[in-house]
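Welcome, and thank you for taking a look at this protein with us. Please keep the sequence and the 3D view side by side as you read.

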Amino acid sequence: MEELDGEPTVTLIPGVNSKKKQMCFDWGPGEMLVCETSFNKKEKSETAPNCPFIYIIWKDVDVYSHILRKLFNESHGIFVGLQRIEEELTGKSRKAQLVRVSKNYRSVIRACMEEMHQFAIAAKDPASGRQFSSQVSILSAMELIWNLCEILFIEVAPAGPLLLHLLDWVRLHVCEVDSLSADVLGSENPSKHESFWNLVTVLVLQGRLDEARQMLSKEADASPSSAGMCRILGDLMRTMPILSPGNTQTLTELELKWQHWREECERHLQDGTFASSPRLESLCKIMLGDEAALLEQKELLSNWYHFLVTRLLYSHPTVKPIDLHFYAQSSLDMFLGGESSPEPLDNILMAAFEFDIHQVIKECSIALSNWWFVAHLTDLLDHCRLLQAHNLYFGSNMREFLLLEYASGLFAHHSLWQLGVDYFDYCPELGRVSLELHIERIPLNTERKALKVLRICEQRQMTEQVRSICKILAMKAVRNNRLGSALSWSIRAKDAAFATLVSDRFLRDYCERGCFSDLDLIDNLGPAMMLSDRLTFLGKYREFHRLYGEKRFGDAASLLLSLMTSQIAPRSFWMTLLTDALPLLEQKQVIFSAEQTYELMRCLEDLTSGKPERADPDAQRLQDDDIETTKVEMLRLALARNLARAIIREGSLEGS
């Protein structure tokens with residue numbers, strides 16, 4: 001798997017001439033951006049304004065196909081189910097379960113292929129029709145390869161049953177005979193139909209001898225002169241020994257019976273039993289495995305692997321798996337006859353017949369347009385414990401590498417990325433790192449999508465990603481002036497700096513409007529208010545307002561004073577706090593003690609002194625602003641009156 005496969009194919013971008021202009025590009029997780037640049041331009045720059053085009057080249061175009069998305073969605077459930085039952089699989093039940101999983105995958109491919117075929121038929125323009133037909137061909141090839149791999153690597157069918165599986169494989173994938181049969185049998189006189197003998201021949205080539213006998217009986221009824229020959233050939237078809245699934249006979253017994261049957265066929269041929277009917281004679285030669293007679297039916301066989309299975313059926317019915325590659329290679333060579341070279345599909349099937357799993361996966365990776373097929377097939381074969389010893393030279397095993405590539409392609413799609421998460425989860429070495437890198441690139445277009453991403457990250461304890469997403473959402477909320485949402489996201493992100501910023505916005509809004517927004521959130525901050533000093537102040541300041549509203553003036557006064565003396569309140573907000581103290585200072589009963597009043601007076605003096613503790617633009621503004629000056633005078637007067645009342649009250653209490 002490590003050797004180079006040659007030069008990669010060149011992708012031509014319409015409208016781009018890389019010989020005239022230098023190109024630049026940037027890789028993304030699922031696509032590449034390409035644009036023209038002005039570097040190394042020998043000619044003089046153009047005077048007219050010029051904006052180069054930016055081209056987007058998609059890595060996995062198939063994820064954008066509406067029909068193939070069903071393939072991705074359905075197979076995802078099968079994949080996850082396989083990972084979860086892995087620990088329960090043992091012995092014979094394991095093999096049966098893995099075969100069932102393989103058939104489930106194939107049924108999804110076939111359903112998708114049939115739907116694509118309907119779209120190809122219904123396509124209104126030729127281009128769409130050709131595109132759908134091309135996809136049908138690709139899906140058909142995928143199922144053909146998967147089915148063969150299922151027989152050889154998962155079923156691991158021994159000699160005897162192996163041929164039965166291969167016959168079913170050919171019958172399933174060379175299915176023109178069914179439509180041909182319907183045409184012939186639907187006519188008034190089937191034996192006179194122009195395709196009658198083609199149908200009989202194809203039925204024999206596929207080993208469907210019971211159906212071939214029924215067709216010969218129609219010929220016998222319509223043509224008394226050939227009735228005897230049809231009956232003899234029909235008897236040969238009926239007596240051909242085949243190892244049926246429920247049969248208990250041994251391979252040795254089958255070979256003996258088959259040898260006797262073959263000798264009988266040869267005797268009839270040598271005696272000239274069918275000499276007067278070339279068609280019946282040709283059928284007898286086919287049943288004897290005559291290679292020349294088989295190759296005469298190239299058009300009806302349609303491909304070399306059909307020729308291979310027919311050849312095995314009539315020449316080597318007890319072929320062993322280990323000998324398959326020999327017959328497969330010779331069948332391919334004979335069928336092509338040097339007239340054409342093998343196609344990529346031929347190479348893949350040949351690698352499978354050679355039991356070279358890695359070559360199958362490699363050829364499929366090169367030939368197919370996306371990673372779905374190789375990722376799921378490799379995963380299934382890995383569960384069959386056929387790939388454990390194969391590690392790639394760049395740090396991961398083959399299964400994980402292909403799953404990572406497939407999942408990366410899913411992340412390029414706006415909704416299929418959710419499927420990719422599970423594939424990353426089941427890659428033990430590099431899955432988590434890859435998920436972290438990809439999930440950070442998901443555009444958070446809506447809050448609903450953001451919550452999905454966030455839930456995925458939280459379930460996997462991806463702390464940094466959770467924090468990053470919360471920060472992004474908090475920033476969006478601030479830009480939209482949704483302060484409550486912004487504060488909630490910043491708390492969830494445990495971002496003290498951003499929580500401070502949002503708290504400042506809350507306080508500024510309060511100064512401008514005289515009331516708080518999002519009271520429910522602020523009232524229920526709980527331990528979260530300890531995230532930052534400013535957030536703590538916001539929560540405590542709201543608590544002060546609540547206490548004041550409940551007429552708990554003593555508690556409100558103590559809290560207000562503690563906010564100022566503990567330096568937790570921003571200095572720019574001190575005047576607001578002192579102003580809030582005015583109604584308490586003017587109450588009939590004394591709320592602030594003499595000591596508390598002294599503290600308030602000290603805070604006021606600190607705020608209005610010419611040398612503030614910190615350079616603060618508000619200090620100079622307060623001195624120069626008449627309104628603020630008036631406010632300061634009112635505060636001083638109220639504080640002086642309250643101090644006098646507090647001293648008198650405290651003195652009278654001591655005297656008593």
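What follows is a walk through a predicted model, going from helices to loops to the space inside.

Let us begin with helix α6, which covers residues 196-205. Is this helix mostly covered or mostly open? It is mostly covered, since 9 of its 10 residues are buried. The buried ones are F196, W197, L199, V200, T201, V202, L203, V204 and L205. If you follow the chain just past the end of α6, you come to G207, whose phi is positive, at about 75°.

Now look for the partner of α6. Two packed helices are described by the angle between their axes and the distance between the axes. Helix α10 is made of residues 278-287, and its axis comes within 10 Å of the axis of α6. The two axes cross at roughly 10°. An angle under 35 degrees counts as roughly parallel, and therefore α6 and α10 are roughly parallel to each other. The way α6 passes α10 is a right-handed crossing.

A little further along from α6 is helix α7, residues 209-222, and L209 belongs to it. L209 has a relative accessible area of 5%, so it is buried. Try finding R238 from here: 29 residues separate L209 and R238 in sequence, yet their C-alpha atoms are 7.2 Å apart in space.

Other helix pairs are worth a visit too. Helix α1 (residues 66-85) packs with helix α19 (residues 417-425) at an angle of about 25°. The axes of α1 and α19 are 11 Å apart. With that angle, α1 and α19 are therefore roughly parallel to each other, and their crossing is left-handed.

Turn next to helix α22 (residues 463-479) and helix α23 (residues 483-492), whose axes lie 8 Å apart. How do they run relative to one another, given that they pack at an angle of about 165°? Angles over 145 degrees count as roughly antiparallel, so α22 is roughly antiparallel to α23. The crossing of α22 and α23 is left-handed.

The loops hold some details of their own. Ahead of α22 there is a loop that starts after α21 (447-459), and Q461 sits in it. Although Q461 is a residue other than glycine, its phi is positive, near 55°. Is Q461 buried or exposed? Its relative accessibility is 59%, so Q461 counts as exposed.

F355 offers another example of a positive phi, about 60°, in a residue that is not a glycine. You will find F355 in the loop between α15 (344-353) and α16 (357-367). Its relative accessibility is 33%, and so F355 counts as partly exposed.

Two further residues help to show how the chain folds back on itself in space. In helix α24 (residues 496-513) you can pick out S503. At 0% relative accessibility, S503 counts as buried, because buried means under 20%. Moving 30 residues along the chain from S503 brings you to D533, and the C-alpha atoms of the two are separated by 9.6 Å.

R110, in turn, is part of helix α2 (residues 91-122). A relative accessible area of 22% makes R110 partly exposed. R110 and V136 are 26 residues apart in sequence, while the distance from C-alpha to C-alpha is 9.5 Å.

Finally, consider the space that the atoms leave free. Rolling a probe the size of a water molecule over the atoms shows where empty space is left. How many cavities of 30 Å³ or more does the structure hold? There are 4 of them. The second largest cavity contains about 70 Å³ of space.

Which residues line the second largest cavity? The lining is made up of G160, L163, L164, M240, P241, I242, L243, L254, L313 and P317. By type, that lining divides into 9 nonpolar residues, 1 polar residue and no charged ones. Glycine counts as polar here, so G160 is the polar member of the lining.

How values were computed: Residues numbered from 1 in each chain as written. Predicted model: local features only at pLDDT ≥ 70, side-chain atom pairs only at ≥ 80, totals over all residues. Heavy atoms only, no water. 1 Å grid on protein atoms, 1.4 Å probe; cavity = no way out; pocket = protein on both sides within 12 Å on 5 of 7 lines; lining within 4 Å. Points joined across faces, edges and corners; volume = space filled by probe spheres on them. Buried < 20%, exposed > 50% of the residue type's maximum accessible area, 1.4 Å probe, protein only. Helix = DSSP H or I, 4+ residues; strand = E, 2+ residues; numbered from the N terminus. Axes fitted to C-alpha atoms, helices over the stretch in contact; angles between N-to-C directions. Parallel < 35°, antiparallel > 145°, perpendicular 65-115°, else oblique. Left-handed = near helix turned anticlockwise from the far one by under 90°.
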